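Work through the exercises below with the coordinates open. Each task is followed by a solution in steps.

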Amino acid sequence: MHWVGSKYIAPELEQRPLLEVAKSSVDEAEARSANGFTVQAMVVLMVALDGAGYQQQAIDLLGRAKRMLFSLGMNYNQFLIESETRSSCLDESWRRTWWELYVLDAMFAGAHRSTNFSLFDVPTDVGLPCEEDEYAINQIPEPRTVQDFNDRDFAMDSRQFSSFTYRILSAQNLGRVMRSFEAAEVDDNMHAQLEMLLASWRHNLPDSKRDSLQRDGRPDELATHRTPLVRHTHFFICAVVLASIVQLSAWSSSSEGRAEEDESVVREQVRLCIGTLRQMATVWDTASRALGQVREVAARVHGWRAHSRQMEQFLVHVTEEDMLNIFADDMTATTTLADMETTV
């Protein structure tokens, strides 16, 4: 936690010693007395390592965390029951540890394509996490189960599920897409099933989860809202980069006759993505690299669009006879150059 905190307030030179202490502390804990708290420390360290650009170290640590989790049986509710210390807050913390690692396993697989989301197939009976504000004030309700969530649309129970639960569902959907991606490329039926899966997630999202405000009135995590973006993990950068790709593609492929105001909207969306990456780059090194790549592509698209507009304005004042003369001059120049090369 000291190293992660230092990324927000300390220069790079002061962060390095804390990183080495963090890694050695986790290594020592893993070797001497592995427990649930060690898994939690691994989760924090692997996220920050990945965001800081130490991708392979983060992937290796993810594998170690999963092996320790299995050895402790944290994917089963029995782990909570057999814990030496019990409280509603600590029980919720253990549930969140399992599900957070589950979501991270999906994110690593989706972002890096170097892991395969192995936790997707792991059996579990761990209860689902509660809302953030309930956890913060230790007013934790009886946890709902995965089966409760799967039956949510066919049950008379009106109790809603937490935002964390819908985050878990997103990870599950990602797992299904990754497992079926190759088949969907050649099987139209499979492709339709995946599209239906993603559409169902959006259509069945409760109204309370569609709002941009949380229950306590604070803004939810959206880039267009006045939220401190540096509080996001670096995985938010992936979403911003994907949005950048979409907007840059729309900008570059827009027709010549497109209204200036429409093009301006797309251009401002690209500016939003660049600004978001610039702000996150103050903490996460991966955002710096993504920022450079997006800006490079944006500069090329901007230059191409500007050149295209200049050509369009030029052609307005050029007659057909002028164009023929231009081509004739070009042909003469080309012939002259060819003659010169032959002579040489």
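**Exercise 1. Give the overall burial, secondary structure and contact range of the protein chain.**

Step 1. Of the 344 residues in the protein chain, 36% count as buried; buried means under 20% relative accessible area, exposed over 50%, and partly exposed in between, with a 1.4 Å probe and protein chains only. The model is predicted, and local features need pLDDT of at least 70, side-chain atom pairs count only at pLDDT 80 or more, while totals for chains, interfaces and linings use all residues. Residues are numbered from 1 along each chain as its sequence is written, and side-chain values use heavy atoms, with hydrogens and water left out.

Step 2. The secondary structure comes to 15 helices and zero strands. Helices (H or I, at least four residues) and strands (E, at least two) are DSSP runs, numbered from the N terminus.

Step 3. Take the contacts (heavy atoms within 4.5 Å) between residues at least 6 apart in sequence: 64% of them join residues at least 24 apart.

**Exercise 2. Describe the largest nonpolar core and find the helix that gives the most to it.**

Step 1. A nonpolar core is a set of buried Ala, Val, Leu, Ile, Met, Phe, Trp, Tyr and Cys residues joined through side-chain atoms within 4.5 Å. The largest one here has 71 residues, and Trp3, Met46, Trp98, Trp99, Leu101 and Tyr102 have the most contacts inside it.

Step 2. The helix that gives the most to this core is H6 (residues 88-112), with eleven residues.

Step 3. For Tyr102, set aside residues up to four places away in sequence; Tyr102 then touches Phe117, Leu119, Phe120, Ile168, Ala171 and Gln172.

Step 4. As background, nonpolar side chains in soluble globular proteins tend to be buried together.

**Exercise 3. Characterise the packing of H3 against H6 and against H2.**

Step 1. Two packed helices are described by the angle between their axes and the distance between the axes. Axes are lines fitted to C-alpha atoms, for helices over the stretch in contact, and angles run from 0 to 180 degrees between N-to-C directions.

Step 2. The axes of H3 and H6 come within 10 Å and cross at roughly 35°, in a left-handed crossing. Left-handed means that the near helix is turned anticlockwise from the far one by less than a right angle; right-handed means clockwise.

Step 3. By class, the H3 and H6 contact has ten nonpolar, five polar and two charged residues. Here Ala, Val, Leu, Ile, Met, Phe, Trp, Tyr, Cys and Pro count as nonpolar, Asp, Glu, Lys and Arg as charged, and the others, Gly among them, as polar. Residues on the H3 side include Met46, Val47 and Asp50, and those on the H6 side include Leu104, Phe108 and His112.

Step 4. The axes of H2 and H3 come within 10 Å and cross at roughly 145°; this crossing is left-handed. Leu19, Ala22, Lys23, Val26, Ala29 and Glu30 in H2 meet Thr38, Ala41, Met42, Leu45 and Leu49 in H3. These divide into eight nonpolar, one polar and two charged residues.

**Exercise 4. Is Asp50 buried or exposed, and which side chain makes a polar contact with its side chain?**

Step 1. Asp50 is found in helix H3 (residues 36-51) and counts as buried because its relative accessibility is 3%.

Step 2. The side chain of Asp50 makes a polar contact of 2.9 Å with the side chain of His112. A polar contact is a pair of N or O atoms within 3.5 Å; within protein, one must be able to donate a hydrogen and the other to accept it, and residues adjacent in sequence count only if both atoms are side-chain atoms.

Step 3. Beyond four places in sequence, Asp50 touches Gln55, Ala58, Phe108, His112, His234, Phe235 and Thr286. Asp50 and Thr286 are 236 residues apart in sequence and 8.1 Å apart in space, C-alpha to C-alpha.

**Exercise 5. Compare the settings of Arg113 and Phe117.**

Step 1. Phi of Arg113 is near 55°, a positive value in a residue other than glycine. Phi of Phe117 is also near 55°.

Step 2. Arg113 lies in the loop between H6 and helix H7 (132-136), and Phe117 is found in the loop between H6 and H7.

Step 3. Arg113 is exposed, at 67% relative accessible area, whereas Phe117 is buried, at 1%.
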